[in-house]
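Student: I would like to look closely at a single part of this protein and understand how it sits among its surroundings. Could you take me through one strand with care?

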Amino acid sequence: QVQLVESGGGLVQAGGSLRLSCAASGRTFSRYAMGWFRQAPGKEREFVARINWPGASTGYADSVKGRFTISRDNAKNTGYLQMNSLKPEDTAVYYCAAGLRGNTGADYWGQGTQVTVSS
């Protein structure tokens, strides 16, 4: 079992940066691929980024490629999402996930953290 808690969301102006953190409990976190998803009001949840369990392989949605960076520190049981050059369309609730099933689902989810980008 893995519990995930996100932090680091907030309000930022367009062009700014935020760093989201995902603190995991459970000894097996380091063995799971993890990722970030987001859901904007009135829209379906969408994939943002993923990283495999050693942290050597990453993948990104086209909409964030070149602006967002996913990373993890398995020794700290923590994952990160560095978000730069934020746009108003990045406004959403961001969810951390572990045990990804492709880019559409996961075994474990956090409660989400709100990111709001003002124009």
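Tutor: What follows is a walk through one strand, its partners and the core it belongs to. Please keep in mind that this is a predicted model. The part I have chosen is strand 8, which covers residues 78-83 and is mostly covered, since five of its six residues are buried.

Strand 8 has partners that can be described in turn. Strand 3, residues 18-25, runs antiparallel to strand 8 and is joined to it by six bridges, and within this pairing Leu20 stands opposite Leu81. Strand 7, residues 68-73, also pairs with strand 8 in the antiparallel sense, over six bridges, and here Ile70 is the bridge partner of Leu81. Between strand 7 and strand 8 the hairpin has four residues, and in this hairpin Asn77 takes a positive phi near 55°.

From the pairing we can turn to the core. In soluble globular proteins, nonpolar side chains tend to be buried together. The largest nonpolar core in this model has 33 residues, and Leu81 and Met83 are among those with the most contacts inside it, as are Trp36, Phe68 and Tyr94. Strand 8 is one of the elements that give two or more residues to this core, and strand 3 and strand 7 are also among them. The most comes from strand 9, which gives six residues.

Tyr94 helps to tie these pieces together on the page: leaving aside its neighbours within four places in sequence, its contacts include Leu81 and Met83, and also Leu20, Trp36 and Phe68.

Technical notes. Residues numbered from 1 in each chain as written. Predicted model: local features only at pLDDT ≥ 70, side-chain atom pairs only at ≥ 80, totals over all residues. Heavy atoms only, no water. Buried < 20%, exposed > 50% of the residue type's maximum accessible area, 1.4 Å probe, protein only. Pairing = 2+ DSSP bridges. Core = buried A, V, L, I, M, F, W, Y, C linked by side-chain atoms within 4.5 Å. Contact = heavy atoms within 4.5 Å.
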